[in-house]
Amino acid sequence: MVEAGRIRRFLEGFRWEDVEPRPYKEEGSAPFKAISRQALFCDRALACELRFFDIEPGGYSTLERHEHVHAVMILRGRGACLVGREVRAVAAHDLVTVPPMTWHQFRAAADAPLGFLCMVNAVRDRPQLPSEGELRELESDPKVAAFLRGAAKA
Ligand code: MN
């Protein structure tokens, strides 16, 4: 349990003292690859959670959208992200804001991990996955299509 006033040391391998890395999501619940999650802060009064996601080289988060927003800070590595129709290379200390109901995905570079902090509401709606039609819509943009194939420059 998280106690007030605790100091957790940063450990080798982008871990924090007494924080257990967990699977990103339940296996088979949505498409994703090579990604783990550590819950760093979760406080009832703050009503938000701060998590650290670590994507191995070549891995990616789920392509999804939802009503809640994400405030993301890249902490290590390199990769690319999709926010709406915008595809951008990202690296340590870049900030990414994901607005409500906006398609988004994070991909690590082929030769580097991508680790980032993500702040979300403690109580939040479930992510939605794109339908076939929505996926076709997204892929109609060549830059987005290249990103989704994992071919975007990072
Ligand atoms: Mn999300």
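**Salt bridges, metal site and aromatic contacts**

The structure holds 8 salt bridges. The model analysed here is predicted. Side chains of opposite charge can pair when their charged atoms come close. One of the salt bridges joins R65 to E134, with an N to O distance of 3.1 Å. This pair connects distant parts of the chain, since R65 lies in the loop between β5 (48-60) and β6 (70-83) and E134 lies in helix α1 (residues 132-139), 69 residues apart. R65 has a relative accessibility of 18% and therefore counts as buried, the limit for that class being under 20%. E134, at 26%, counts as partly exposed.

Helix α1 also takes part in a second long-range contact, through E137. The closest N and O atoms of R85 and E137 are 2.8 Å apart. R85 is placed in the loop between β6 and β7 (86-91), 52 residues from E137. R85 forms a further salt bridge with D141, at 3.8 Å from N to O. Here the partner D141 belongs to the loop between α1 and α2 (142-148), and the separation along the chain is 56 residues. R85, E137 and D141 are thus linked in a network of salt bridges. Each member of the network is partly exposed: R85 has a relative accessible area of 40%, E137 has a relative accessibility of 47%, and D141 has one of 22%.

The manganese ion is coordinated by E64 through OE and by H66, H70 and H104 through NE2, at 1.9 to 2.3 Å. Along the chain, these donors follow the spacing E-x1-H-x3-H-x33-H. Of the donor residues, E64 and H66 are both buried.

Aromatic contacts were examined next. The count comes to 9 aromatic pairs. Among them, F10 and F14 are arranged edge-to-face, with 5.0 Å from centre to centre and 80 degrees between the planes. F10 is partly exposed, with a relative accessible area of 48%. F14 also pairs with W16; the ring centres are 6.4 Å apart and the planes stand at 80 degrees, so this pair is edge-to-face. Both F14 and W16 are buried. Elsewhere, Y24, F32, F53, F106 and F116 form one aromatic cluster.

Two contacts between a charge and a ring involve R107. The charged end of R107 sits over the ring of Y60, at 4.5 Å from the ring centre. The charged end of R107 also sits over the ring of F147, where the distance to the centre is 5.5 Å.

Definitions and conventions
Residues numbered from 1 in each chain as written. Predicted model: local features only at pLDDT ≥ 70, side-chain atom pairs only at ≥ 80, totals over all residues. Heavy atoms only, no water. Donors = N, O, S within 2.8 Å, 3.2 Å for Na, K, Ca; no water. Buried < 20%, exposed > 50% of the residue type's maximum accessible area, 1.4 Å probe, protein only. Phe/Tyr/Trp six-rings, centres within 6.5 Å; stacked < 30°, edge-to-face > 60°. Lys NZ or Arg CZ within 6 Å of the ring centre and 35° of its normal. Salt bridge = Lys/Arg side-chain N within 4 Å of Asp/Glu carboxyl O. Helix = DSSP H or I, 4+ residues; strand = E, 2+ residues; numbered from the N terminus.
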